[in-house]
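Biologist: Before we discuss any assignment, could you put the model on the screen, and then take me through the reasoning behind the labels?

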Amino acid sequence: MAPSPQHPPPASGGRLLVLYASQTGHAEEAAGRVGREAERGGCPAVHVLSTDSLDPSSLPGERFVVFVVSTAGQGDPPDSMKGFWRYLLKKNLDARWLQGLRYAVFGLGDSGYRQTYNVAAMKLRKRLSQLGAKSIIGIGLGDEQASSGYEKALGPWLLSLWKSLNRTNPSLLPRIPDIINPNLNNLGDAKVEVIYYSSDDTPQDSTVSDSKKSIGRARSMHPALKFHNDGEPQYMLKMVTNERLTKKDSERDVRHFELEDPSSAVRYQVGDALEILPSQNPSAVNAFIKRCNLDPDCYITIQAKGGDEVSKGSPVNGLMDCIKLKTFVALTMDVASASPGRYFYEIMSYFATVQHEKERLHCFATTEDEKERLQKKKLQKERLEEFASPEGRDILYQYNHKEGRTVLEVLEDFPWVHMPFEWLVQLTPPLKKRAFSISSSPLAHPNQIHLTVSVVSWLATPFRRKYGLCSTWLAGLNPNEETRVPCWIHRGSLPPPDSSTPLVLIGPGTGCAPFRAFVEERAAQRARQPTAQILFFFGCRNEDDDFLHRDFWSHHAQDNRVLSPKEGGGFFAAFSRDQPEKVYVQHKIREQSARVLNMLCSGAAVYVAGSSTKMPADVRAALEEVVRKKGGDAGWLRKLERAGKYNTETWS
């Protein structure tokens with residue numbers, strides 16, 4: 001269970017609170033940089049928290065807050081900010097509620113999506129001002145499309161922030177020159193310490209080897225997961241069906257997965273998402289451990305510096321709660337799919353310099369091989385120094401982000417640099433759960449969950465193909481084997497509709513996943529009682545290549561079933577590449593405008609799911625056009641939204 005929001009220690013004029021709302025981890029990384037620079041400048045107290053880790057009612061007690069906010073979907077706040085944002089929108093909060101607060105907002109967005117570029121950050125800034133807070137400096141706008149990503153705007157914005165704070169509150173940052181001209185030779189300690197136990201000292205009972213307990217224990221120890229730990233998996237499901245839905249020679253690989261708990265029912269509802277903790281390739285984990293000179297079989301616990309346990313809600317009790325190092329790495333540290341942050345390179349640069357200087361002073365190269373080895377180390381040190389410098393920002397962005405370097409690949413590119421495990425725990429991106437829309441109904445499959453998943457792969461460069469960790473792992477599971485999938489049920493953004501509500505569903509590509517569940521649910525309900533009709537608009541590239549769940553839709557569109565025209569329903573497919581002019585779901589909506597309008601006039605709810613690029617905006621424009629043709633206006637859709645009857649679930 002996720003921890004309840006926290007009240008930080010009582011505010012004082014000497015504390016800076018940094019709040020981040022992250023969807024993919026970039027805002028969290030940027031917030032970490034804000035916190036580090038504030039500490040480097042001598043700020044007496046710095047707290048960096050996710051917005052879902054803070055009780056928003058404590059905000060009026062703060063004096064200085066920096067918000068770092070990304071934008072998700074169609075201009076929405078990230079999932080971790082939704083509860084916080086709902087609280088700020090309460091009508092009983094007046095224009096004096098935050099009158100003692102000074103704030104700054106930095107947004108992370110993508111200017112490729114012009115209509116939603118940094119919308120969440122802009123909305124937050126406007127609302128904070130409405131509630132009486134005063135801005136320290138203007139909003140900062142990070143752009144994924146910039147030559148060095150959001151870092152291009154973050155550096156100058158932070159410099160302005162520190163200078164402004166120093167002018168008005170010099171005691172908050174007494175060492176501001178250390179921010180402007182940082183001395184990386186003064187590193188300080190990692191924020192965590194690792195306590196090691198001999199394998200001879202550790203308990204060998206079943207609790208150590210139990211996979212559910214190991215997952216809960218490991219993830220409760222990891223510093224980056226301490227406020228987002230859901231404990232042990234709710235279910236350990238078995239893959240019973242792994243079926244490819246697209247043609248074998250299609251460039252897209254989309255799968256139908258069926259996961260099952262053989263012994264009991266799985267509690268969920270349509271519209272929910274299944275969160276899965278993927279398994280990393282054991283060879284990658286072994287390579288990381290070997291590269292870092294670690295003992296895979298020793299047992300460890302992780303504590304915050306100073307002795308307080310990092311674990312939240314699951315205290316570390318020495319030997320009884322220790323875990324094997326290899327297990328900890330495999331379950332918490334994303335070593336082979338995520339790219340490290342900029343700070344990773346700063347710390348690598350520090351250790352490269354220390355190790356090079358030590359060897360240079362104490363080792364006399366007498367052979368050509370030794371001279372060549374020292375020269376290679378020197379070049380690696382200089383390259384890391386360039387990566388860590390402001391001038392090397394663009395080069396690092398290309399190497400790390402654009403080319404998709406993983407932690408393991410970076411360490412292998414710099415084989416002579418060795419970082420202590422404490423720093424690796426702190427700096428390696430945490431292994432995150434992946435969420436997938438559930439595409440089955442519990443009424444039809446009480447002990448199963450079905451998923452419709454695109455197996456992700458892309459060309460990072462012409463010579464580097466990258467693969468999605470979770471989808472690739474799932475696609476490789478054999479239903480004849482006993483591998484279990486760690487799962488949590490997560491409330492989705494599509495509320496389950498009442499059986500008496502007509503539905504207009506729009507789900508191209510894998511956006512059809514939740515609507516397969518809606519249709520299956522309504523078919524099960526119809527066996528017991530009358531139900532309202534459904535119009536479903538599906539889209540894909542080619543009818544022959546990637547018509548997902550073709551037989552399922554065909555079955556439910558026949559006779560008197562839920563998608564049958566005889567029952568007032570309908571199924572409409574747009575195959576965008578099967579004719580000279582591209583045809584998308586919005587074109588099919590316009591073709592069926594009379595039926596769509598009739599459904600809307602009958603009280604239908606509209607649900608849209610799929611890619612967050614142009615599709616949701618194009619679908620909305622088509623629906624607005626349908627309404628306007630019959631004398632309505634765009635306000636109709638806004639009324640539907642306010643009534644909870646226009647819902648979207650999108651992903652990038």
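Modeller: This is a predicted model, and a good place to begin is Cys-540, which is buried, with a relative accessible area of 10%.

Biologist: Why is Cys-540 called buried?

Modeller: Buried means under 20% relative accessible area, and Cys-540 has 10%, so the label applies. By the same cut-off Cys-43 counts as buried, because its relative accessibility is 8%.

Biologist: How do you know that Cys-540 is in no disulfide?

Modeller: The nearest cysteine sulfur, that of Cys-512, is 9.4 Å away, whereas a disulfide needs two cysteine sulfur atoms within 2.5 Å; Cys-540 is therefore in no disulfide. The structure as a whole holds zero disulfides.

Biologist: Which residues have the most contacts inside the largest nonpolar core?

Modeller: They are Phe-288, Phe-328, Phe-344 and Phe-421, in a core of 52 residues, to which helix H10 (residues 342-362) gives the largest share, eight residues. Leaving aside residues up to four places away in sequence, Phe-328 touches Phe-421, and its other contacts include Met-221, Ile-302 and Val-425. Cys-43 belongs to a second, separate core of 29 residues, which also includes Leu-16, Val-46 and Phe-106.

Biologist: What makes E7 and E12 edge strands?

Modeller: Each of them, strand E7 (192-197) and strand E12 (323-324), pairs on one side only, in an open sheet of three strands with the order E7-E11-E12 and antiparallel pairing.

Biologist: How do you know that E7 and E11 pair?

Modeller: Pairing requires at least two bridges, and six bridges join E7 to strand E11 (residues 299-304), so the two strands pair. Within E11, Thr-301 is the bridge partner of Ile-195.

How values were computed: Residues are numbered from 1 along each chain as its sequence is written. This is a predicted model: local features need pLDDT of at least 70, side-chain atom pairs count only at pLDDT 80 or more; totals for chains, interfaces and linings use all residues. Side-chain values use heavy atoms; hydrogens and water are left out. Buried means under 20% relative accessible area, exposed over 50%, partly exposed in between (1.4 Å probe, protein chains only). A nonpolar core is a set of buried Ala, Val, Leu, Ile, Met, Phe, Trp, Tyr and Cys residues joined through side-chain atoms within 4.5 Å. Helices (H or I, at least four residues) and strands (E, at least two) are DSSP runs, numbered from the N terminus. Contact means heavy atoms within 4.5 Å.
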